[in-house]
Amino acid sequence: MRVVMLGAPGSGKGTQAKQLVKAYGAPQLSTGDLLRAAVKAASPIGLRAKAAMDEGRLVSDDIVLGLIQETLDGPHGPRDFILDGFPRNLAQAVALDELLTRLVRPLQAAILIDVSADELKRRIAGRRTCRDCGAIYNIYTAPSAREGVCDLCGGQTYQRADDNEATVAQRLATYEAETAPLIGYYRSRDLLHSVPGEQPVDAIFAALRAIADGLD
Ligand code: AP5
Ligand code: MG
């Protein structure tokens, strides 16, 4: 499958992408995860990206497009992929279309997980992430068995630096201004599928499976 996961911060893109990886074997490409790894490593990309991430604004297109190109381009790039958190504005969406047209690996669907702003804030406030394997927990809805310890790998869980009130408000505003227009972009290309996101993780995943199983 070649799909884009669309949705506001905290809507569950990462949670669902990980389930899709398990069920379908296509790799998850999360620009947020790639950027956080670059920040942690203090690489040149990480140093350039950090300020925007801390403020809840988009990292510049040239950095993000470079990461995506590095991963998807070339004869050994993956045929299938689950893009999580990319594209995030119109310029990125157009660049992705151009890249995939050149690679003859067209996008099959853009899947929107639709969640209200109040629920997004609650989910983000409760999120904890494993430092080692990236597993996603929530202290309210999906806690790890032992507080602070990942069920899957025993790593330490932490709260993301951008999951604070001020940054979250800016991330939601950035989403509305720059990313939400992609809903219309993909609808006009007949690629959009919208899934109600305020239901249990398993129910959302069942809806995603139905969409994935219907792709050409
Ligand atoms: P990124 O890492 O992509 O963050 P985001 O879009 O803000 O999305 P999140 O990861 O916060 O949410 P999610 O939808 O993955 O939700 P999750 O599954 O974790 O980006 C971070 C930053 O990097 C950006 O602000 C930007 O600066 C930069 N960046 C990244 N990509 C970029 C790009 N393309 N261009 C430019 N800059 C870019 O779930 C959230 C919580 O809810 C968890 O605790 C989970 O357990 C819980 N949960 C999930 N589903 C449910 C459910 N059904 N019911 C109850 N709880 C649930
Ligand atoms: Mg995520």
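1. Start with the ligand contacts. In this predicted model, a polar backbone atom of lysine 13 sits 2.9 Å from an oxygen atom of ligand 1. Arginine 88 also reaches the ligand, with a polar side-chain atom 2.6 Å from one of its oxygen atoms. Arginine 123 goes for a nitrogen atom of ligand 1 instead, and its polar side-chain atom is 3.4 Å away. Taken on its own, ligand 1 has 1000 Å² of accessible area, and the protein covers 96% of that.

2. Now for who lines the site. The elements that put two or more residues into the shell around ligand 1 are α1 (13-24), α2 (31-40), β6 (136-138) and α9 (201-213). Helix α2 gives the most, with 4 residues. In total, 34 residues surround ligand 1, and the closest are Thr15, Arg57, Arg88, Arg127 and Arg171. By character, the shell splits into 13 nonpolar, 12 polar and 9 charged residues.

3. Have a look at strand β3 (residues 81-84) next. Its side chains alternate: Phe81 and Leu83 point one way, Ile82 and Asp84 point the other way, and all are buried. Strand β1 (residues 2-6) runs parallel to β3 and is joined to it by 4 bridges. Within that pairing, valine 4 has leucine 83 as its bridge partner. Strand β2 (residues 28-30) is parallel to β3 as well, with 3 bridges between them. There, serine 30 stands opposite aspartate 84.

4. The loop after β3 has something to check by eye. Phenylalanine 86 and proline 87 are joined by a cis peptide bond, with omega at about 0 degrees. Proline 87 is in the loop that links β3 to α5 (90-103). As background, most peptide bonds are trans.

5. Which residues of helix α3 (residues 44-55) are buried? They are Gly46, Ala49, Ala52 and Met53. These four span an arc of only 130 degrees around the axis, so they end up on the same side of α3. That fits the general rule that an α-helix has 3.6 residues a turn, so residues three or four places apart point the same way. Turn to the face of α3 away from the buried side and you meet the exposed residues Pro44, Leu47 and Arg48.

6. Two backbone angles deserve a glance. Alanine 42 has a positive phi, near 55 degrees, although it is not glycine. Its place is the loop between α2 and α3, and a relative accessibility of 45% makes alanine 42 partly exposed. Aspartate 190 is also a residue other than glycine with a positive phi, here near 65 degrees. You'll find aspartate 190 in the loop between α8 (181-188) and β8 (192-196). Is aspartate 190 buried or exposed? With 73% relative accessibility, aspartate 190 counts as exposed. For context, most residues other than glycine have a negative phi.

7. There is also an open sheet of 3 strands, ordered β6-β5-β7 and paired antiparallel. Why is one side of β6 and of β7 (157-158) left without a neighbour in the sheet? Both stand at the edges and each has a single partner strand, so one side stays unpaired within the sheet. Strand β5 (residues 127-130) pairs with β7 over 2 bridges in the antiparallel sense. In that pair, cysteine 130 has threonine 157 as its bridge partner.

8. Finally, the loop between β6 and β7, where two residues are worth a look. Glutamine 156 belongs to this loop and is partly exposed, at a relative accessible area of 47%. Glutamine 156 is 25 residues from arginine 131 in sequence, yet their C-alpha atoms are 5.8 Å apart in space. Serine 144 lies in this loop too, but it is buried, with a relative accessible area of 12%. The side chain of serine 144 comes to 2.9 Å from the backbone oxygen of arginine 146. A polar atom of that serine 144 side chain is also 3.2 Å from the backbone oxygen of valine 149.

Note on methods:
Residues numbered from 1 in each chain as written. Chains lettered and ligands numbered in written order. Predicted model: local features only at pLDDT ≥ 70, side-chain atom pairs only at ≥ 80, totals over all residues. Heavy atoms only, no water. Near = heavy atom within 4 Å. Polar contact = N/O pair within 3.5 Å; in protein donor to acceptor, adjacent residues only side chain to side chain. Areas by Shrake-Rupley, 256 points an atom, 1.4 Å probe, with all protein chains shown as cover. Nonpolar A, V, L, I, M, F, W, Y, C, P; charged D, E, K, R; others polar. Buried < 20%, exposed > 50% of the residue type's maximum accessible area, 1.4 Å probe, protein only. Pairing = 2+ DSSP bridges. Arc of directions from axis to C-beta.
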